[in-house]
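Reader: I am in my first year and should be grateful for a close look at one part of this structure. Please begin with a single side chain and work outwards from there, explaining how each description is reached.

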Amino acid sequence: MRNLFDAIEVFFETLTSIHWAPLGLAVLCHVGRIASRSRAWRNVIAGAYPETNVEWRQVFGGYCAGIGANAILPGRGGDLLRLYIVKHRVEGTTYPTLGATLIVDGIFDLVAASLLLGWALWEGILPGGNVLPSLPAIDWLWVFKNPWQSVVIAGFFLAIALIAFGLTYHRITAFWERVRQGFTILRTPRRYLREVALWDAADWALRLVAIFFFLHAFGLPATAYNAFAYQVAGSLSTALPLTPGGIGTEQALLVYVFSGVAASSKILAFSVGVKLVTITVNVTLGVAAVVIMLGSVRWRDRIEAERGLSG
C-alpha cells in the first residue's frame, strides 16, 4: 500500500511531463468503447424483448451509471444499479432476464480474455506457476477418506433441496423461463455475431488503442506488445474485484509484467495515472447518468426500497 501512495505522489509530480494530446485521444477511445459496449448490451436486451422498443440511450445511461458505481465500489456493485435503471426504463423487463443478458454480453469478453491470458502464459509474461503455491489449498480428499459421513451430508442437503423444490416448483419454473429469455439472441448466431459480437470487438479494439495512447502519453514505449500486456493485467484485476476499480491489484501485476521496460516507480505512476483518469471519466459519466435518470445520487436507497417492497 505504501508503494501505491508513493506512485500516486510520483504521478502528480510528473503531471507537467504528460503528453496531453495522446491523453485526450485515449479518453476519447475510452468513451467510445463504453458506447460500443452499451450498444451490444442493448441489442441483447432487444433480442430478449422483440416486441418492446428498447432505446439505446436508456441502456447507455444505465450502463454508464453501473460503471461509475463500479469505479468507486468493490465487488462490482454497480451491476445492480444498471439492472435497476434499465428495468425501470424498459417496459416489461425483469431482473432474471436482464441478469441473463449480462451473461450473454460477457461471452465475448470471456473468449477474448482467455485468448489474451493464454498468450500471456505462452510468452511468460505472467508469473504462472510461481503463484500457484501461494493459493489456498482445498482438501477434497476428505470426501474419499470419510465416505459414510459424505453420504449422510449429501443426503441431508439433497432432501432439503427436494423439499424446497417441491414447495417452490412453479416459481422456479417461471424464474428459469425468464432466465432463458435473456439468451434468446444466441438462438440466431448470425444475429448475435452481427449485433453483439461486432460491437464487443469494437470495444476491445478501442480499449487496446486507448492503452496505446496512454502509454505514449505517460512516456512509456507505445507498442502493441505492451498494450496487450497491460490489458492482461487489467483483465485479471477486473476478474478479482477486491478494491474499487481494481486499483492496487492491477498495479502489483504491472510491476511484474513490465519489469525491464521502465523503473518500478514510473510503471506504478503510469498505472495509477491511467486508473485515475479512467475512474474520473467513469464516475463523471456515472453521476451524470444517475442524476438524469433517477433525479438523485442516492441510488442505494432506491434499490433497498424496492427490495423491501418485493420482500
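Author: Let us begin with phenylalanine 60, whose relative accessible area is 24%. This residue counts as partly exposed, because its value falls between the 20% below which a residue is buried and the 50% above which it is exposed. Please keep in mind that the model is predicted.

The next step is to ask about its ring. In this structure the count of aromatic pairs is six. In one of them, the ring centres of tryptophan 56 and phenylalanine 60 are separated by 5.2 Å, and the ring planes stand at 40 degrees. The pair is described as tilted because that angle is neither under 30 degrees, as in a stacked pair, nor over 60 degrees, as in an edge-to-face pair. The two residues share helix α3, which covers residues 56–72, and they are four residues apart, or about one turn of the helix. Tryptophan 56 is also partly exposed, with a relative accessibility of 31%.

A second pair may be set beside this one. Phenylalanine 212 and phenylalanine 213 are paired edge-to-face, with 75 degrees between the planes and 5.9 Å from centre to centre. Phenylalanine 212 has a relative accessibility of 36%, so this residue too counts as partly exposed. Elsewhere, one aromatic cluster is formed by Trp119, Tyr225 and Phe228.

Aromatic rings also meet charged side chains. Over the ring of tryptophan 204 sits the charged end of arginine 207, 4.2 Å from the ring centre. Arginine 82 lies over the face of tryptophan 41, and here the distance to the ring centre is 4.9 Å.

We may now return to helix α3 and consider the helices around it. Two packed helices are described by the distance between their axes and the angle between those axes. The axes of α3 and helix α4, which spans residues 78–89, come within 7 Å of each other and cross at roughly 160 degrees. An angle over 145 degrees counts as roughly antiparallel, and α3 and α4 are therefore described in that way. Their crossing is right-handed.

Helix α3 also meets α2. Here the axes come within 9 Å, and the crossing angle is roughly 120 degrees. This angle lies outside the ranges for parallel, antiparallel and perpendicular helices, so α2 and α3 are called oblique. The crossing of α2 past α3 is right-handed.

From α2 the path leads on to α10. Helix α2 comprises residues 20–48 and helix α10 comprises residues 189–217; their axes are 8 Å apart, and the packing angle is about 165 degrees. The two helices are therefore roughly antiparallel. Their crossing is left-handed. The residues of this contact comprise 17 nonpolar, eight charged and six polar ones.

Particular residues show how distant parts of the sequence are brought into proximity. Leucine 25, which belongs to helix α2, lies 184 residues from valine 209 in sequence, and their C-alpha atoms are 9.1 Å apart. With a relative accessible area of 39%, leucine 25 is partly exposed. A further example is the couple of valine 277 and alanine 26, at 251 residues apart in sequence and 9.7 Å from C-alpha to C-alpha. Valine 277 is part of helix α13, residues 264–294. Its relative accessible area is 16%, which places valine 277 among the buried residues because the limit is 20%. In helix α6, residues 107–123, we find alanine 112. Alanine 112 is buried as well, at 14% relative accessibility. Its C-alpha atom is 8.9 Å from that of alanine 201, although 89 residues separate the two along the chain.

Burial can also be followed over a whole helix. In helix α5, residues 95–105, eight of the 11 residues are buried, and the helix is mostly covered. Among the buried ones are Pro96, Leu98, Leu102 and Asp105.

Finally, the whole chain gives the setting for these details. The protein chain contains 14 helices and zero strands. Of its 311 residues, 40% count as buried.

Terms used: Residues numbered from 1 in each chain as written. Predicted model: local features only at pLDDT ≥ 70, side-chain atom pairs only at ≥ 80, totals over all residues. Heavy atoms only, no water. Phe/Tyr/Trp six-rings, centres within 6.5 Å; stacked < 30°, edge-to-face > 60°. Buried < 20%, exposed > 50% of the residue type's maximum accessible area, 1.4 Å probe, protein only. Lys NZ or Arg CZ within 6 Å of the ring centre and 35° of its normal. Axes fitted to C-alpha atoms, helices over the stretch in contact; angles between N-to-C directions. Parallel < 35°, antiparallel > 145°, perpendicular 65-115°, else oblique. Left-handed = near helix turned anticlockwise from the far one by under 90°. Nonpolar A, V, L, I, M, F, W, Y, C, P; charged D, E, K, R; others polar.
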